[in-house]
Amino acid sequence: MQAPKGEVLSDELKEEISLGRAALNQIYRARLASTPQAEQIRELWQSGQARVTRRTPEEWLQAFKTYLGEYKRYPVRGTPEYAGVHNLLYRSPKNPNGSYVNPVVQQIYELDQLARAARRGDAAWKDVTAETGADAPLKRFWRDATPQDRESLQATAEEMDYMRDDFADWLTDAVQDGWLVLSSQTYKALANVRRGLDEWFDERADEAEDILVWLYDTQWGRDEENGIFSRVLFTGPNPAAPRLKDFREVQEFTGVPVTQVPKMPSSIAAHTRLMRGDEARVLSLRLLRGARPEDLHRAIESLLPENGGFTVRAGLHELGVSMTEMKINKHFTKGLLHVHAEAEVPGEPVVLSFALEIDARRLTADKKFPELKRLYYNLFKPYLSEDAKRFLR
């Protein structure tokens, strides 16, 4: 997979992301087709999660410094560093003057305050680095910081400035090329994140930066070898006020994994492919003459596990329609479309998605645009997003 425009991931972060994804993919793929490695990887992942909860304050301080120094970022919500540091600061006892009883926790607090200021790049941070303005706790923390800590904090400020400046181009390229964003609601939410980054004193500025760091720390794009395509999806109620918890990474697999292809209706033919190892996936369903909407729905349902938590959707992207320009591309007119079977991964901001191509070319031959819209509306009606319904009606 490839990182966002201009982003360079360290080998350590790549390894961490790879382990996490391997665990998630094996665990939740096992709900469809069990593999002998699933239990081993699940135990490894759980043991790793347990280890991060047993760190001492000294270990959390070192982890915090390592994160700032290597990734040049303030930890985003959802990372062990963010949770560990904030839990420690919240639970640790304080002296009557407001300082922490444990001197190591006090160091973590001072570093946290400096790192937050560096991330914001606000006037207080500029006063600290320029040694101007009135004396304040932030300036005293800076004077006590080691040269290595100062260097990491300045690198964090520079990195955040770069990410804010680069985000507009990154979002434009991602949407125009159709490789990142899944829906118009997601695009609206990301556009509001971009505006929030400029509103330094707005209450949502920190939230916007949390989203920005999460976006840049996730490897979006395509993994050809494993047939995976990672996208971003907004699932919140209001794209005008996006929150980090409202975004999901969609790990889109090409095809639906099966141990045995179920019996299809006579009007539908399934195309399968053997992936790495012994995993087989149904890549596409070809609709033959006389195929009815209920035949398609029955075929899709037969591929998904009972009580597996998967839902099927089809939006503008699946119909081959641009979200930003509302233009129809070749996929729509040729009758090659797809649907997604999705399930959220419990406890993680990840959606597991299996993309299934629908070959409707025999049904769409010689049909004009109004007829195509009616045909697609009838075929995909139970799965259509609100955007797609408005477009097809």
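Colleague: Which label fits lysine 72: buried, exposed or partly exposed?

Modeller: Bear in mind that this is a predicted model, where local features need pLDDT of at least 70 and side-chain atom pairs count only at pLDDT 80 or more, while totals for chains, interfaces and linings use all residues. Residues are numbered from 1 along each chain as its sequence is written, and side-chain values use heavy atoms, without hydrogens or water. Buried is under 20% relative accessible area, exposed is over 50% and partly exposed is in between, with a 1.4 Å probe and protein chains only. Lysine 72 has a relative accessible area of 33%, so its label is partly exposed.

Colleague: And where does lysine 72 lie?

Modeller: Its backbone stands out a bit: lysine 72 isn't a glycine, yet its phi is positive, about 55°. Helices here are DSSP runs of H or I with at least four residues, strands are runs of E with at least two, and both are numbered from the N terminus. Lysine 72 lies in the loop between H3 and helix H4 (80–91).

Colleague: What is the relative accessibility of aspartate 366?

Modeller: Aspartate 366 is another non-glycine with a positive phi, near 65°. It is placed in the loop between helix H14 (361–364) and H15. Aspartate 366 counts as exposed, because its relative accessibility is 81%.

Colleague: Zooming out, what percentage of the protein chain is buried?

Modeller: The protein chain has 16 helices and nine strands. Of its 393 residues, the buried share is 52%.

Colleague: Which element supplies the largest share of the largest nonpolar core?

Modeller: A nonpolar core means buried Ala, Val, Leu, Ile, Met, Phe, Trp, Tyr and Cys residues joined through side-chain atoms within 4.5 Å. The largest one has 43 residues, and Leu285, Leu287, Leu296, Val339, Leu356, Tyr376 and Phe380 have the most contacts inside it. Elements that each supply at least two of its residues include strand E6 (280–287), helix H11 (293–303), strand E8 (336–344), strand E9 (350–359) and helix H15 (369–380). The largest share, six residues, comes from H15.

Colleague: How many residues are in the other core?

Modeller: Let's start from the big one. Taking contact as heavy atoms within 4.5 Å, and skipping neighbours within four places in sequence, leucine 356 touches Val256, Val282, Leu283, Ser284, Leu285, Ile300, Leu303, Leu337, His338 and Val339. Apart from that core lies another, with Tyr74, Val85, Leu89 and Leu114 among its members, and its residue count is 27.

Colleague: How are H3 and H5 oriented to each other, roughly parallel or roughly antiparallel?

Modeller: Axes are lines fitted to C-alpha atoms, for helices over the stretch in contact, and angles between N-to-C directions run from 0 to 180 degrees. Helix H3 (residues 57–71) and helix H5 (residues 103–120) pack at about 20°, with axes 9 Å apart. Under 35 degrees counts as roughly parallel, over 145 as roughly antiparallel, 65 to 115 as roughly perpendicular and the rest as oblique. H3 and H5 are therefore roughly parallel.

Colleague: By class, how many charged residues are in the contact of H3 with H5?

Modeller: H3 brings residues including Trp60, Leu61, Phe64 and Leu68, and H5 brings residues including Val104, Ile108, Leu111 and Ala115. Ala, Val, Leu, Ile, Met, Phe, Trp, Tyr, Cys and Pro count as nonpolar, Asp, Glu, Lys and Arg as charged, and the others, Gly among them, as polar. The contact of H3 with H5 has ten nonpolar residues and one polar, and its charged count is three.

Colleague: How are H5 and H10 oriented, roughly parallel or roughly perpendicular?

Modeller: Their axes come within 11 Å and cross at roughly 85°. H5 and H10 are therefore roughly perpendicular.

Colleague: How many charged residues are in the contact of H5 with H10?

Modeller: Arg116, Arg119 and Arg120 in H5 meet Asp206, Glu209 and Asp210 in H10. With no nonpolar and no polar residues, the charged count for H5 with H10 is six.

Colleague: How many nonpolar residues are in the contact of H9 with H10?

Modeller: Helix H9 (residues 184–198) and helix H10 (residues 205–217) have axes that come within 8 Å and cross at roughly 120°. That makes H9 oblique to H10. Leu190, Val193, Gly196 and Leu197 in H9 meet Ala205, Ala208, Glu209, Ile211, Leu212 and Leu215 in H10. One residue of that contact is polar and one is charged, and the nonpolar count is eight.
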